[in-house]
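Please keep the sequence and the model open while you read this note. Each numbered point takes up one part of the chain, and the terms are explained where they come up.

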Amino acid sequence: MTYPWKVEIGDYSWIGDHVELYSLEKIIIGTNAVVSQRSYLCSAAHDHSDIAFPYKSAPVVIEDEAWVASDVFVGPGVTVGRGAVVGARSTVFKSIPEGSVAFGHPAKVTGRRDRKVSQ
């Protein structure tokens, strides 16, 4: 975690082993959310079009009940919507809508998450 004061983690959320929170900008993880092992949430990058290579930063938001599976890269300005799932080893450069299932390089929505409550 780069700057802990820029990270918010909601109740009952789980952050796996070896997760990197590159928090030059805010990283917000909602309640009952999972960020699985070896994932990288990146809230800043460099502007490659400028020879001075300045930082560009934007918040990363993982909303309530979302699951970012193992070894996923989430880039600056991305929101993973409530209840969405991002498959293992995906790269996420655009926001994922609520309740979606997405995976790939770059991640693309492939379906909807059917959520049920266990008894």
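1. A good place to begin is the pairing of Gly 104, whose bridge partner in β16 is Ala 107. Strands, like helices, are DSSP runs numbered from the N terminus, with at least two residues (E) for a strand and at least four (H or I) for a helix. Two strands are said to pair if DSSP finds at least two bridges between them.

2. Before going further, please note that this is a predicted model, in which local features need pLDDT of at least 70 and side-chain atom pairs count only at pLDDT 80 or more, while totals for chains, interfaces and linings use all residues. Residues are numbered from 1 along each chain as its sequence is written, and side-chain values use heavy atoms, with hydrogens and water left out.

3. Strand β16 (residues 107-112) runs antiparallel to β15, and 5 bridges join the two. The connection between β15 and β16 is a hairpin through 2 residues. Pro 106 lies in this loop between β15 and β16, and the peptide bond leading from His 105 to Pro 106 is cis, with omega near 0 degrees.

4. Strand β15 also pairs with β13 (residues 85-86), this time in parallel and through 2 bridges; Val 85 has Val 101 as its bridge partner in β15.

5. Which side chains of β15 are buried? In a regular strand the side chains alternate between the two faces of the sheet. Along β15 (residues 100-104), Ser 100, Ala 102 and Gly 104 point to one face and are buried, whereas Val 101 and Phe 103 point to the other face and are not. Here buried means under 20% relative accessible area, exposed means over 50%, and partly exposed lies in between (1.4 Å probe, protein chains only).

6. Elsewhere there is an open sheet of 4 strands, with parallel pairing and the order β1-β4-β9-β12. Because β1 (7-9) and β12 (79-80) stand at the edges with a single partner strand each, one side of each is left without a neighbour in the sheet. The partner of β12 is β9 (residues 60-62), joined to β12 by 2 parallel bridges, and Ile 62 has Val 80 as its bridge partner there.

7. Two loop residues deserve a careful look at their backbone. Glu 65, in the loop between β9 and β10 (67-68), has a positive phi of about 65 degrees although it is not a glycine, and at 24% relative accessibility Glu 65 counts as partly exposed. Arg 89, in the loop between β13 and β14 (91-92), also is not a glycine and has a positive phi, near 60 degrees; with a relative accessible area of 54%, Arg 89 is exposed.
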